[in-house]
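Me: Please take a close look at a single buried position in this model. Then connect that position to the rest of the chain.

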Amino acid sequence: PIMVTVVNEYLGTIDNFSVSTGENMLSLSWDSPFDAESFKIYRDGQFLIEISDQTYDDIVDPGTQYCYTISAVNNVGLEGPQSSEECGTAVFPAAPTLSLSIDGTTATLQWTSVASAQSYRVYQDEGFLIEIEGLTHSLDIGAGTNTCFTVTSVNDYDTESPSSNEECGQGS
């Protein structure tokens, strides 16, 4: 008789796991144990993806905390223990800084550029007015009317920043 012992477990553990935050993105990185072929990533306790790289960029909604664990998988498909949990919260795009000048009844809005912005949304008295790619917008506000404006930036994930400072004025 021949006795065969089959070890049906993999003990490779993930070390130096970290999550760094960015705009709409959480970047994961870790050190691989010896003989790992791939890695299983879990987000908030649910399987997300299996990859062979030691980094992963997860596109997520900003302002929400997400928690991750990772496990290594060896060449026969056995999954090792999950790493310790690491959490992160992606950030919103930056808000522009708004300035307002009024000449008669023409209001001219001007705002600072935001590096990640694909467009800007202009609001008048808290109502959406227009979305444009430039850094200025002019409009007729009429005489004697006091009105207020804010601007937001919108990145390539269609995520809108918090509102800029509010600027108010009255046409003459």
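Reply:

**Thr-147 and its surroundings**

Thr-147 is buried, at 1% relative accessible area. The cut-off for that label is under 20%. The model is a predicted one. Thr-147 belongs to strand E13, which covers residues 146-155.

Take its side chain. Two polar contacts matter here. One joins the side chain of Thr-147 to the side chain of Gln-124, at 3.0 Å. The other links the side chains of Thr-147 and Asp-125, at 2.9 Å.

Now the wider set of neighbours. Residues within four places in sequence are left aside. On that basis Thr-147 touches Gln-124, Asp-125, Ile-141, Glu-167, Cys-168 and Gly-169.

Asp-125 deserves its own look. Asp-125 sits in the loop between strand E10 (117-124) and strand E11 (127-132). With 48% relative accessibility, Asp-125 is classed as partly exposed. Thr-147, by contrast, is buried at 1%. So the 2.9 Å polar contact pairs a buried side chain's residue with a partly exposed one.

The backbone of Asp-125 also stands out. Its phi is near 50 degrees, a positive value in a residue that is not glycine. Most residues other than glycine have a negative phi.

Asp-44 shows a positive phi too, about 50 degrees, and is likewise not a glycine. Asp-44 lies in the loop between E3 and strand E4 (46-51). Its relative accessible area is 42%, and Asp-44 is partly exposed.

E3 leads on to another set of pairings. Strand E3 (residues 36-43) runs antiparallel to E6, and 7 bridges join them. Within that pairing, Ser-38 has Val-73 of E6 as its bridge partner. E6 also pairs with strand E7 (residues 86-89), again antiparallel, over 4 bridges. There Tyr-68 is matched with Glu-86 in E7. Strand E6 itself spans residues 65-74 and is mostly covered, with 9 of its 10 residues buried.

Next, an open sheet. Its 3 strands follow the order E8-E9-E12, with antiparallel pairing. Strand E8 (98-103) and strand E12 (136-140) are the edges, each pairing on one side only. From one strand to the next, the twist averages 20 degrees. Between E8 and strand E9 (residues 106-111) there are 6 bridges. Ile-102 stands opposite Ala-107 of E9.

Step back to the whole chain. The protein chain has 14 strands and 0 helices. Read from the N terminus, every element in the run is β. The C-alpha atoms occupy a box of roughly 105 × 20 × 20 Å along the principal axes. The radius of gyration is 26 Å, whereas a compact globule of 172 residues would come near 16 Å.

Burial and contacts complete the picture. Of the 172 residues in the protein chain, 38% are buried; Thr-147 is a buried residue as well. Among contacts with a separation of 6 or more, 57% are between residues 24 or more positions apart. The protein chain exposes about 9600 Å², and carbon and sulfur atoms supply 46% of that area.

Back to the starting point. Thr-147 is buried in the model, its place is in strand E13, and its side chain makes polar contacts with the side chains of Gln-124 and Asp-125.

Terms used:
Residues are numbered from 1 along each chain as its sequence is written. This is a predicted model: local features need pLDDT of at least 70, side-chain atom pairs count only at pLDDT 80 or more; totals for chains, interfaces and linings use all residues. Side-chain values use heavy atoms; hydrogens and water are left out. Buried means under 20% relative accessible area, exposed over 50%, partly exposed in between (1.4 Å probe, protein chains only). Helices (H or I, at least four residues) and strands (E, at least two) are DSSP runs, numbered from the N terminus. Two strands pair if DSSP finds at least two bridges between them. The radius of gyration is taken over C-alpha atoms; the globule rule is 2.2 Å times the number of residues to the power 0.38. Contact means heavy atoms within 4.5 Å. Accessible areas come from the Shrake-Rupley method with a 1.4 Å probe; for residues, only the protein chains shown count as cover. A polar contact is a pair of N or O atoms within 3.5 Å; within protein, one must be able to donate a hydrogen and the other to accept it, and residues adjacent in sequence count only if both atoms are side-chain atoms. Axes are lines fitted to C-alpha atoms, for helices over the stretch in contact, and angles run from 0 to 180 degrees between N-to-C directions.
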